[in-house]
Amino acid sequence: MAGVAEMAAQMGEMWKSVAGLQIPAQSLASLQAEYLKKASELWNASVQTGHAAPKLSDKRFASPAWGENPASSFVTQLYLLNARTLQQMAEQVEGDEKTRSRIRFAVQQWVDAASPSNYLALNPEALKLALDTQGESLAKGVQQLWADIQRGHVSQTDESAFEVGRNVATTEGDIVFENEFLQLIEYKPLTAKVFERPLLMVPPCINKYYILDLQPDNSLIRYAVSQGHRVFVVSWRNPDESCAAWTWDDYIEKAAIKAISVVQEISGTETIDTLGFCVGGTILATALGVLAARGEQPAASVTLLTTLIDFSSNGVLDLFVDEGSVRLREMTIGEQSPKGPGLLKGKELATTFSFLRPNDLVWNYVVGNYLKGEAPPAFDLLYWNGDATNMSGPMYCWYLRHTYLQNELKQPGKLTVCGEALDLGKIEAPVYIYGSREDHIVPWDSAYRSTQVFKGKKRFVLGASGHIAGVINPPAKGKRSHWIGKSTALPAEHQKWFDAATEHPGSWWTDWSAWLASHAGSQKAAPKTPGSRKYKSIEPAPGRYVKQKA
C-alpha cells in the first residue's frame, strides 16, 4: 500500500544516514559469544525428547499452538533470541545519540516485521484455524486484504459501524461561521445558565476535531457544555489540491485569530477562555502571541493539552527530522517547490504514526485481519484514527523547520508570524498545561517544558496513559489517575516537579473544570439560539467540513 511504501522509503533514507558506523570489537565479540551460547542451549533443548516448551510472555505467541508445535516453539525462541541480540548490537553502535536512536528505531522496525507470527507458513495458530474452519478463515482474510488494498490502508476497526454525525460527533450544535479554512461550531447549552466567558477549543488540524466528541459518555466537548460553558469548537477543512498553497500564517491569521474574533463578537465579551489540543495548542499559542504583539490580550485563560511549545527533544518523532529530510519536503511540497506547493497526504501521515507502534497498530491487524480472517471490532477511537486529513505543504514545511528542526517558537523575537515578532512570553493569560505520562507523540517532559516559556500564572497536571487515552478520560469511568504538584512551584527540571507531586485517582477533568470555572466569569442565562444576528446558523453540527475525506 502507498503509505507502507512511503514508510519503507523513509526507513531507507534513515538507514543511509547511519551507514558506516561500527560496534567496538570487544563488545561485538562478547555479543557473538553470548549469542552462540544461547543458540546452542536452545538447539540442545529442542532436540531433547519430552522437553516442555517454555511459556512466553510475549502476547504475539500467547496461544497454546505455539508451544504444542515443536518446530514453531523453536522458531519463536530463535526469533526472540535474534531480536534481543540485534537490539543489543544497536545499543553498542558508536555515534552521537540521535544516530544511535535512529539505529535502534530501524532495528526495532525490522525485528517487529520479521516476527514469525506475521507469516502464515510460520504461524501455527493461523494454520490451525484454517484447518478447523476448512479454509474459511483464509478466504475471509483474502477478502479483507483485498478490501484494505482498495481502501489504501490496514483496517483497525469496522469502519462501516460508524458515521460522523450519527453515532460519533453527536453533541448538538450549529455551524455559526465558516470560511475556506474552518467551520466554527457552537454547541447547544445543557444548563439553564452559562458562564459569562465562552470557551473556544482549537483541535489539531492533522486530525478531525471529533476526538473531543466521540461518544456522549467520553466527550470532552459535552462535558464542558454540561459544566455550564458556552462552547465553540474549530472544525478544520480537510485540504484538497485547491488548498495546497496554504501557509502557517494563513492558519494563524485566517483561522485561529479569526475564530477568536468571531467568538468575541458572538458572545459580546472582550475576553474568552481558550483550549488547544496537540498541534491545535501550538497554533493557538502562536495566534495569541501574534495578538499580544499587536497589543491585544483576548484570552482570559489558555489550556494546552499534550502540546509542544519548546521542541528541544520530542521522543521518537525527532528521528524523522533533520536538515536533509526537511529540505526534501520543502523541495517537493513546500512553497518553493519547483513544481509548486503540494499536499502532505493524510494516509502517509497516518501510516507514519502507526509505525511508531507497529506491533499494536500494524502487525496486530495484519495477523488478525488477513491470516486469521477476523474482522476488526468496532472501536470509535480507531475509526477516528483512520479518518485521515491532508495538510498543505507550505504550512507543514514551515512547521517542521521552525519548530521540530530549529526550535524557534520558544525564542522571543526569533520568528515573524503574520508580520509580528513573536514572543509567547507576552501572553498574559493564566495557562493550564496538561501532559500524558506514556505519550509517545508529545512526551510529558516535552509538554512540561512549556511551563518555562509562559510568564503568567501556570498550572501543570500530568495524566496517566498516552496521547489520546490520557486526554479522553471522563470522570464517570473512574479510570487511571493524575498527578498535581503539592505547590505552585514549577522547577525547570520535570523530574523535580514529579518527585514533589501527588498522585490522585481518576480523571484530571475535574481539576481542569474547577480551574476553568475560576476564569470563566459570572453566570448568566443561557442563549436560546445559536450565534447572533450577524452570525446565524448555517447548518447543524457536525457540519460539512468534518465529513470531507482525504
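Here is a short chat about why some features of this predicted model carry the labels they do.

Me: Let's start with the sheet. What makes E15 and E17 its edges?

Reply: Look at the order, E15-E14-E13-E12-E7-E6-E4-E5-E2-E1-E17, in an open sheet of 11 strands with mixed pairing. Strand E15 (501-505) and strand E17 (539-540) each have a single partner strand, so one side of each has no neighbour in the sheet.

Me: How do you know that E4 and E5 count as paired?

Reply: Pairing asks for at least two bridges. Strand E4 (residues 199-202) and strand E5 (residues 231-236) are joined by 3 bridges, so they pass that test. The two strands run parallel, and Met 201 stands opposite Val 233 in E5.

Me: Which helices lie on this part of the sheet?

Reply: Helix H10 (residues 279-293) lies across E4, E5, strand E6 (272-277) and strand E7 (299-305), at about 140° to E6. Helix H18 (residues 509-517) packs on the sheet too, touching E4, E6, E7, strand E12 (431-436), strand E13 (458-463) and strand E14 (481-485). The direction of H18 makes about 165° with that of E7.

Me: Why is H18 roughly antiparallel to E7, while H10 is oblique to E6?

Reply: Angles over 145 degrees count as roughly antiparallel. The value of about 165° for H18 and E7 is over that cut-off, so the label fits. The value of about 140° for H10 and E6 falls outside the parallel, antiparallel and perpendicular ranges, so this pair is oblique.

Me: Good. Why are H4 and H5 described as they are?

Reply: The axes of helix H4 (residues 70-92) and helix H5 (residues 97-113) come within 9 Å and cross at roughly 170°. That makes H4 roughly antiparallel to H5. Among the residues that meet are Tyr 79, Leu 86 and Glu 91 in H4, and Arg 100, Ile 103 and Trp 110 in H5. By class, this contact has 8 nonpolar, 2 polar and 4 charged residues.

Me: What makes Ser 101 buried?

Reply: Buried means under 20% relative accessible area. Ser 101, found in helix H5, has 18%, so it counts as buried. Ser 101 and Gly 315 are 214 residues apart in sequence and 9.6 Å apart in space, C-alpha to C-alpha.

Me: And Lys 208, is it buried or exposed?

Reply: Lys 208 lies in the loop between E4 and helix H8 (220-226). Its relative accessible area is 4%, so Lys 208 is buried by that cut-off. Leaving aside neighbours within four places in sequence, its contacts include Asn 238, Trp 384, Asp 387 and Lys 547.

How values were computed. Residues numbered from 1 in each chain as written. Predicted model: local features only at pLDDT ≥ 70, side-chain atom pairs only at ≥ 80, totals over all residues. Heavy atoms only, no water. Helix = DSSP H or I, 4+ residues; strand = E, 2+ residues; numbered from the N terminus. Contact = heavy atoms within 4.5 Å. Axes fitted to C-alpha atoms, helices over the stretch in contact; angles between N-to-C directions. Buried < 20%, exposed > 50% of the residue type's maximum accessible area, 1.4 Å probe, protein only. Parallel < 35°, antiparallel > 145°, perpendicular 65-115°, else oblique. Nonpolar A, V, L, I, M, F, W, Y, C, P; charged D, E, K, R; others polar.
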